Amino acid sequence: MASPHSDPEDVHVINHERDKDLEDSPSEPAYAINDHRPIIADKLARKLTARQVQMIAIGGTIGTGLFLGTGKSLATGGPASMLIAYLIVGGIVMLTMLALGEMAAFVPIAGSFCTFAGRYVDDSLGFALTWNYWFNDAVSTAADLVALQLVFAYWDTNLPGWGLSLIFWVLLILANIITVKAYGELEYWLSLLKVITITIFIILGIAVNCGGNNQHKYLGAHNWYIGDAPFVGGIGGFASVFVTASFAYGGTESIAITAGETKNPTKNLPRVVKNVFWRILLFYILSVLLIGLNVPYNTPGLSSKTSSTSPFTLVFQMAGAQAAGSFINAVILTSVISAGNHALFAGTRLLYALSVDRHAPKVFGKLNRNRVPWIAVLATSAISGLCFGASFIGAGQLWTWLQNLVGVSNQLAWIAISVTSIRFRGALAAQNKTHLLPFKNWTYPWGPWLSVILNVVIVLVQGWNSFSPKFTGVDFVSYYIELPVMAIMWLGWKAWKRTKVPTYEEMDLETDVYVVSEEDLVESEKEKSARGRLERVLRWIF
């Protein structure tokens with residue numbers, strides 16, 4: 001790619017729409033661009049617009065973790081623990097996204113941070129991280145299908161919850177297997193609905209707290225002083241909220257996975273990273289604060305083995321109408337579908353990346369005529385189906401276990417992203433290429449190091465409740481099983497393939513580096529017009 005200081009005529013142009021055989025040898029370069037940089041993973045169709053990508057970023061995070069997970073957090077940790085944990089994890093996500101955005105804008109590919117780990121740290125780490133995160137996305141999809149049953153149980157109907165999950169499982173497969181454009185547009189409107197709903201919730205939550213509730217009573221901070229509040233369950237309760245918060249924020253990093261199918265990624269991804277985080281933090285922190293103020297931590301049904309009631313639904317009910325509770329529950333239902341849609345999309349692209357990197361069978365790299373890895377879609381959705389099929393043990397209990405697994409997996413991914421970022425910047429400095437970055441992480445070097453330290457501490461202490469007051473084997477496994485599995489995959493692949501950590505001078509900073517296309521140049525010119533500036537403002541808002 002061209003240096004930001006180069007003349008316009010020095011910019012290399014590439015036509016990304018040229019026809020190639022996209023199905024043969026997915027691990028071999030498809031073509032070499034005019035400055036001789038090989039392309040290995042950048043074969044997917046770039047059909048996602050900036051408008052869609054920004055909404056997908058929000059859609060990947062505002063889902064079951066916020067709408068249902070906050071109920072479990074409130075019940076087990078209390079309002080203060082929940083607020084503090086969400087603030088800390090939100091800070092970690094900010095540091096992680098800045099580090100990831102820097103790398104993804106430079107090398108925008110579907111494998112994203114998983115491929116980066118393999119290239120910039122060790123191929124065995126890339127192998128372990130990608131397989132782990134692929135399973136994470138498959139389990140996330142299953143968790144969303146289980147959450148559908150919990151949300152649907154609000155209405156007393158004769159339709160079995162598993163039947164509803166099965167219907168939407170099929171619909172998610174269809175949305176992901178046809179074309180990325182269909183996925184992008186569906187996700188955009190579902191995410192927009194969530195953003196509007198949370199905005200209404202924040203306004204309504206303030207009104208309910210100030211007396212606009214069915215008891216016509218000012219609540220203030222009353223619920224912070226009842227029973228064991230604001231810190232419920234002591235240090236164990238506080239520590240347990242971190243995994244729930246990590247599950248809730250999880251998916252933010254997967255926005256970089258859309259980089260392989262995003263138009264003009266060197267320009268759009270930095271915008272997404274800078275704009276979306278503040279919106280997510282605003283929505284999460286304000287929502288968590290209002291939930292803690294309005295909903296008592298000991299409300300029946302917040303978290304049990306058979307059910308889980310959304311605190312969002314309870315706040316709408318407090319506004320005085322049963323219909324309001326039904327409305328927000330219906331919106332939560334669509335948000336669960338949206339989160340499952342995003343998780344399936346991300347998991348599919350990672351399985352495709354595994355095939356491209358020769359870490360999975362070649363067949364998963366096959367693309368259909370719309371450049372969608374359709375076999376990877378079917379394989380990922382099959383694992384999701386098997387996981388949600390286990391809901392006979394109790395939807396509430398299963399959802400809690402799946403939530404723990406995904407939360408820890410997210411934390412391991414954040415650690416890997418930060419370590420990869422440290423080595424990436426080291427190699428750029430060693431090869432005198434730092435000036436080529438289209439977007440720079442302003443927190444480097446302290447940001448990635450702080451993220452690593454905080455995540456390691458949280459991973460080790462968040463399972464406190466599984467030891468105290470008595471040891472609970474199943475809970476212990478859900479908190480810590482990811483650690484040995486990740487280690488075995490990492491060390492096992494390293495021993496088998498005898499992989500080595502590349503030196504800064506040896507690291508590949510050429511392959512898949514994005515080069516500005518003709519279409520990108522046209523879009524950049526459009527943005528300079530009055531209409532383009534107006535569209536940028538509207539895109540930031542919506």
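**Surface patch and nonpolar cores of the predicted model**

V170 is partly exposed, its relative accessible area being 40% (buried means under 20%, exposed over 50%, and partly exposed in between, with a 1.4 Å probe and protein chains only). The model is a predicted one, in which local features need pLDDT of at least 70 and side-chain atom pairs count only at pLDDT 80 or more, whereas totals for chains, interfaces and linings use all residues. Residues are numbered from 1 along each chain as its sequence is written, and side-chain values use heavy atoms, with hydrogens and water left out.

V170 lies in helix α6, which spans residues 161-177 (helices are DSSP runs of H or I with at least four residues, numbered from the N terminus). Together with I167, L171, L174 and I178, V170 forms a nonpolar surface patch with about 420 Å² of accessible area.

S112, by contrast, is buried, at 0% relative accessibility. This residue is placed in helix α4, residues 112-120, and, when residues up to four places away in sequence are not counted, S112 touches L100, A256 and I257 (contact means heavy atoms within 4.5 Å).

In the interior, the largest nonpolar core (buried Ala, Val, Leu, Ile, Met, Phe, Trp, Tyr and Cys residues joined through side-chain atoms within 4.5 Å) has 92 residues, and those with the most contacts inside it are Y86, F201, Y249, Y284, F312, W399 and L402. Helix α3, residues 69-106, supplies the largest share of this core, with 14 residues. Apart from this core lies another, of 46 residues, which includes V243, A360, I375 and L436. F201 touches S287, L290, I291, F312, V315 and F316, again not counting residues up to four places away in sequence.

Definitions and conventions. Patches are made of residues with over 30% relative accessible area and no salt bridge: like charges are joined within 9 Å, nonpolar side chains (Val, Leu, Ile, Met, Phe, Trp, Tyr) within 5 Å. Accessible areas come from the Shrake-Rupley method with a 1.4 Å probe; for residues, only the protein chains shown count as cover. A salt bridge is a side-chain nitrogen of Lys or Arg within 4 Å of a carboxyl oxygen of Asp or Glu. Helices (H or I, at least four residues) and strands (E, at least two) are DSSP runs, numbered from the N terminus.
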